[in-house]
Amino acid sequence: DGGARVGRIIMTKAAKYLTPVALELGSKCPCIVDWLDSKRDSQVAVNRIIGAKWSTCAGQACIAIDYILVEEQFAPILIELLKSTLERLFTKPEDMARILNERQFNRLCGLLEDHKVSRSIVHGGDVDPKTLSIEPTILLNPPLDSDVMTEEIFGPLLPIITVKKIEDSIEFVSSRPKPLAIYAFTTSEALKQRIVRETSSGSVTFNDAIVQYGLESIPFGGVGQSGFGQYHGKYSFEMFSHKKAVFRRSFLLEFMFRYPPWNDDSKLALLRHVFRYDYVSLFLALLGLRR
């Protein structure tokens, strides 16, 4: 696990010995939040978003939600739900994991020091260098060219990006490097199909987040800058196993058209049938019924 920089180092080392590798790299995992019809569904979605962002090592996980995409009209409702649920679940600072080390703490603080980013904070933002703690922080529409929106966050900062229509989120995700995971909370089957069909990612999870990592029955891995190769359960075995092909033939049939010289039009015609996988025409030609 690591970023693209670490992945290149590992591949360089592995290339020296032609060693096969599976690279599961970090990425900015988006979470598409559609307008949900019932209050209960909205609350369940928020619970699961918080679990996937702040409950899992304070967002210090490669599969944690990195940012949210939501329609403009639904954003205020979502933010208020996030705030009230955070206040209920995290009553004390120690309820959430600390940042791994001072270097990572300073990196995350640096993301918030950008004035345009700090102005986008709608909840949280407090930091404690003594305990390496950062409060759950929600950002609304930080600049898309800021570090918080171009680098993997790997921490408790959650940008929320608004779109006119939820379908616009598909183009937004597709225009960026391929993520390790895409999460989407929606009851629309049409939207689900479009997300699967029109985006590329290591995995897609609907109406939950990060739980796919714990399933051995489905492969886990990235694509593009988020890595390659798949593992978990039987997929780990297959990833590092060589599937040896064995082909057997008898001496019964021999097709002389495969050998030179190829100055005979009929030979060339037979070869064309073979290379086009047109075995019906090949059979008829061998019987003399077609050229």
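# Exercises on a predicted model

Leu132 is buried, its relative accessible area being 19%. The structure treated in these exercises is a predicted model.

## Exercise 1. Backbone outliers

Task. Determine where Leu132 lies and which burial class its relative accessible area of 19% gives; then treat Asn207, at 25% relative accessibility, in the corresponding way.

Solution.

Step 1. Leu132 is placed in the loop between β5 (127-128) and β6 (133-134). Its phi is positive, about 55°, although Leu132 is not a glycine.

Step 2. The cut-off for a buried residue is under 20% relative accessible area. Leu132 has 19% and is therefore buried.

Step 3. Asn207 also has a positive phi, of about 60°, and is not a glycine. Asn207 lies in the loop between β10 and β11 (227-228). Because its relative accessibility is 25%, Asn207 counts as partly exposed.

Step 4. A further backbone feature concerns the peptide bond from Pro260 to Pro261, which is cis, with omega near 5°. Pro261 belongs to the loop between α9 (234-239) and α10 (265-275). As background, most residues other than glycine have a negative phi, and most peptide bonds are trans.

## Exercise 2. The order of the sheet

Task. Establish which strands stand at the edges of the open sheet of seven strands, and in what sense β9 and β10, β4 and β7, and β7 and β8 pair.

Solution.

Step 1. The order of the open sheet is β4-β7-β8-β3-β2-β9-β10, and the pairing is mixed.

Step 2. β4 (121-123) and β10 (203-206) each have a single partner strand, so they stand at the edges and one side of each lacks a neighbour in the sheet. From one strand to the next, the twist averages 25°.

Step 3. At one end, β4 and β7 pair in the antiparallel sense over two bridges, and Ile121 has Leu139 of β7 as its bridge partner.

Step 4. β7 and β8 are joined in the parallel sense over four bridges; here Leu140 stands opposite Ile160 in β8.

Step 5. β9 and β10 likewise pair in the parallel sense, over four bridges. Ile182 has Val204 of β10 as its bridge partner.

## Exercise 3. Two helices against the sheet

Task. Compare the end-to-end distance of α2 with the span expected at 1.5 Å a residue, and find how its buried residues are arranged around the axis.

Solution.

Step 1. The 15 residues of α2 should span 21 Å at 1.5 Å a residue; the end C-alpha atoms are 21 Å apart, which agrees.

Step 2. The buried residues of α2 are Ser42, Ala45, Val46, Ile49, Ile50, Ala52 and Lys53. Viewed down the axis of α2, they fall within an arc of 165°, so they line one face of the helix. These residues pack against β2, β3, α3, β8 and β9.

Step 3. For α3, with 15 residues, the distance from first to last C-alpha is 21 Å, close to the expected 21 Å. Its buried residues are Ala75, Leu78, Ile79, Leu81, Leu82, Lys83, Thr85 and Leu86. They are covered by elements including β2, α2, β3, β4, β7 and β8.

Step 4. α3 packs on the sheet, touching β2, β3, β4, β7 (137-140) and β8, and its direction makes about 50° with that of β4.

## Exercise 4. The nonpolar cores

Task. Identify which residues touch the most other members of the largest nonpolar core, and which element gives the most to this core.

Solution.

Step 1. The largest nonpolar core has 35 residues, and Trp54, Ile65, Ile68, Leu82 and Tyr183 touch the most other members.

Step 2. Two or more residues come from each of β2 (30-33), α2 (39-53), β3 (67-71), α3 (75-89), β8 (157-163) and β9 (181-185). α3 gives the most, with six residues.

Step 3. Beyond its neighbours within four places in sequence, Trp54 is in contact with residues including Leu82, Leu86, Phe90, Met96, Ile138 and Leu158.

Step 4. Another core, of 27 residues, lies apart; among them are Ile32, Leu132, Ile153 and Ile166.

## Exercise 5. The surroundings of Val117

Task. State the location of Val117, its burial, and its contacts outside its neighbours within four places in sequence.

Solution.

Step 1. Val117 is found in helix α5 (residues 115-118).

Step 2. With a relative accessible area of 1%, Val117 is buried.

Step 3. Outside that sequence window, Val117 is in contact with Leu111, Leu112, Leu139, Pro143, Ser146 and Val148.

Methods:
Residues numbered from 1 in each chain as written. Predicted model: local features only at pLDDT ≥ 70, side-chain atom pairs only at ≥ 80, totals over all residues. Heavy atoms only, no water. Buried < 20%, exposed > 50% of the residue type's maximum accessible area, 1.4 Å probe, protein only. Contact = heavy atoms within 4.5 Å. Core = buried A, V, L, I, M, F, W, Y, C linked by side-chain atoms within 4.5 Å. Expected span 1.5 Å × (residues − 1). Arc of directions from axis to C-beta. Pairing = 2+ DSSP bridges. Axes fitted to C-alpha atoms, helices over the stretch in contact; angles between N-to-C directions.
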